[in-house]
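Biologist: Hi! Could you walk me through a few features of this structure?
Modeller: Happy to, let's have a look together.

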Amino acid sequence: MFQITTQSVALPDGREITIETGKMARQADGAVVVRLGDTMLLATVVSSKEAKEGVDFLPLSVDYQEKFASAGRIPGSFQRREGRLSDYEILISRLVDRALRPIFPDNYHADTQVIITLISADPEVQPDALAALAASSALAVSDIPFNGPISEVRVAKIDGKYQINPKTADLSRATIDLIVAATEKDICMVEGEMSECSEAEVVEALKAAHEAIKVQCQAQKELEAKVGKTVKREYNHETHDEELRVAVRAATYDKIYAVARQQNPSKKGRSEAFKAIRDEYIASFPEESEVNVSLIKTYIHDLEWEASRRLVLDERVRLDGRKLDEIRPISAEAGLLPGPHGSALFTRGETQSLTTATLGTKTDEQIVDQPLFQGYEKFLLHYNFPGFSTGEVKPNRGAGRREIGHGNLAHRSLKKVLPPDEENPYTIRVVSDILESNGSSSMATVCAGTMALMDAGVKIKAPVAGIAMGLISDGEKYAVLSDILGDEDHLGDMDFKVTGTEKGIVACQMDLKVDGLSYEVLAQALEQARAGRLHILGEMKKGIAEVRPDLKPHAPRAIVIKIDTNQIGAVIGPGGKVVQDIQKDSGAIVNIDEHDNAGWVSIFATNKESMDKAVSRVKGIVAVPEVGETYVGKVKTIQPFGAFIEFMPGKDGLLHISEIKWERLESMDGVLQVGEEVTVKLIDIDKKTGKYRLSRKVLLPKPENKNA
């Protein structure tokens, strides 16, 4: 019989998370159900007993999936079943992967799979903040080697206070929204967005998150002890030859260090120089020698890593010759492509992004159908990373997880500075094509995306720039690096991407590979990032200083008119007749939406004449009649006692026989004709019935013999 074991952990606000094992998925190496409110996540982990031959890394796969049944819904797809993971699910999978991967032993290379499934949903509990806790707990109750536990929480600053895993309804007021993962000792992963916050606020948020994570890690240790899985499986996934390692070091380290010290700014040049040393050493062995070439390559790679790090720590010099806080040369150009609505080419060192911005109408919005969210997305950002950007042959197979993750960071950054919906009727698509890559291409996407939006005439709140920071530390010395190279990302202990405006930070992403990052070092990295960001913004201004005052000639024009909700029906008309007639008559596209207790009429047109026609029609329908105003109307019907005049679209008023002329009229015969235009003045609105009284005679000269 399997024993069901539970452990509970309290959140700072008193809500309780429960972790249960032994009831579900009992043939997995480890399985738990994590619950908060009515949200329940099933996490399972399975790892092969042995590693495959020749594998020198951890083949870890993490999949997070939300079942539609968890929210009582049937999928809206044609097959009516869950398909491939959505971009959102992939992003959550990446968050968990990035938190777990550095915590496994370096020499553990067995195939390992983590699957996290949302099996019950609570609209007020965000499941993404529980996914890593569930995964780590599943590892804790297994015999898989793992240097955890870790956990992950959402920290949000709401109404000036930091909250842990806040309710969904409160998140709309958050000025900081971060997902933070950590062990009991150290933070290892951060991702989120902010509303132009200061560096100090970010550090405060991380401290608040870490305190909550420490409690959750302790709860996992207690669960592990209850289950009796404190002793993990034995493994031997690496074979080494220490004599060969010593020989390789003696023969090649000085040469490798000398290449690193040459400060070659070319990635290709450095790579070829390191390869020449490796090839020369391998060639020094006789052909009949049984030397292990694979191990030689591994040891030389380790020496390249060590030499490059020692160069930075001991001589404060980087591989390409820059100072620690120096940014590579930047070239920024906007409007270089005539066809797109907006375009920019941003080049920083050997990293280059060609980015376009396209303006569309409401009909171009993306439909979002997820278990916990159904709606539309009107800002899209797509990031493409072809093989040629790094000089490699790679088939185009659509966006992978890396492209989705990098694009999401840029999406978070730029969305923060878009104008509000009432000022921006467009559906906007930004596409970043990476043409060269050596260093953060996601940050190049942020910079190029900002410039492309400005070139398209989108009135963003402020330009956004991004910078990737690195860290190298040996426990005693450390160096914070600005604008890291691809090589420095690989050999460094931290990859910290920060985006923001001149006023503050709007998004960040951090992956940490070393224990013991102090908050003082983190604060230094953030301050160094701020200085670098301001420098990059200055370079971007050389390409485009202000938002273009007008759209490109071939871009759709748009105007948004705010109306009362009770006027929406009048604009749409019975069965959509009115809005369809407006579109047919003007040639413009008219979309009507309701939110924030108001109606929003978005009008799109390709020329001024169409726009003016549509705007005039809509304003005529929604205009509020005012007593004392003069209108030009049409005679709709004639009655013995007067005529009904349509003085505004959809609004008829009575022109009584006594108000047509100063002279007395005995009948309406021959006085007015149906369809005739007549100028009238609105003289009264009946408060009870809402009926309108019109007068024509008050606009005519009064005969002298008439009494006042």
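Modeller: Let's begin with one pair: Lys 157 and Glu 201 join their side chains in a salt bridge, 2.7 Å from N to O. Keep in mind that this is a predicted model.

Biologist: Cool! Where in the chain do Lys 157 and Glu 201 sit?
Modeller: Lys 157 is in strand S7, residues 151-158, while Glu 201 is in helix H3. The two are 44 residues apart, so the pair links distant parts of the chain.

Biologist: And is Lys 157 buried or exposed?
Modeller: Lys 157 is buried, because its relative accessible area is 13% and the cut-off for buried is under 20%. Glu 201 has 19% relative accessibility, so Glu 201 counts as buried too.

Biologist: Why would two side chains pair up like that?
Modeller: In general, side chains with opposite charges can pair when their charged atoms come close.

Biologist: OK, how many salt bridges does the structure hold?
Modeller: There are 57 salt bridges in the structure.

Biologist: Show me another! Which residue does Arg 309 pair with?
Modeller: Arg 309 forms a salt bridge with Asp 493, and their closest N and O atoms are 3.1 Å apart. Arg 309 belongs to helix H6 (residues 293-315), whereas Asp 493 is in the loop between helix H9 (486-491) and strand S20 (494-500), so this pair ties together parts that are 184 residues apart in sequence.

Biologist: Are those two buried or exposed?
Modeller: Arg 309 and Asp 493 are both buried.

Biologist: You mentioned H9. What does Glu 488 form a salt bridge with?
Modeller: Its partner is Arg 318, with 2.8 Å between the closest N and O atoms. Glu 488 lies in helix H9, and Arg 318 lies in the loop between H6 and strand S11 (330-334), 170 residues apart. Glu 488 and Arg 318 are both buried.

Biologist: Which residues are in one network with them?
Modeller: Salt bridges with shared partners connect Arg 318 and Glu 488 with Asp 320, Arg 322, Arg 328, Arg 348 and Asp 483.

Biologist: Switching topic: where is His 237?
Modeller: His 237 is in the loop between helix H3 (199-227) and helix H4 (242-261). His 237 counts as buried because its relative accessibility is 11%.

Biologist: And what is His 237 in contact with?
Modeller: Leaving aside neighbours within four places in sequence, His 237 is in contact with Lys 49, Glu 50, Ala 51, Asn 107, Tyr 108, His 109 and Ala 110. As for His 109, its backbone nitrogen is 2.9 Å from a polar atom of the His 237 side chain.

Notes
Residues numbered from 1 in each chain as written. Predicted model: local features only at pLDDT ≥ 70, side-chain atom pairs only at ≥ 80, totals over all residues. Heavy atoms only, no water. Helix = DSSP H or I, 4+ residues; strand = E, 2+ residues; numbered from the N terminus. Buried < 20%, exposed > 50% of the residue type's maximum accessible area, 1.4 Å probe, protein only. Polar contact = N/O pair within 3.5 Å; in protein donor to acceptor, adjacent residues only side chain to side chain. Contact = heavy atoms within 4.5 Å. Salt bridge = Lys/Arg side-chain N within 4 Å of Asp/Glu carboxyl O.
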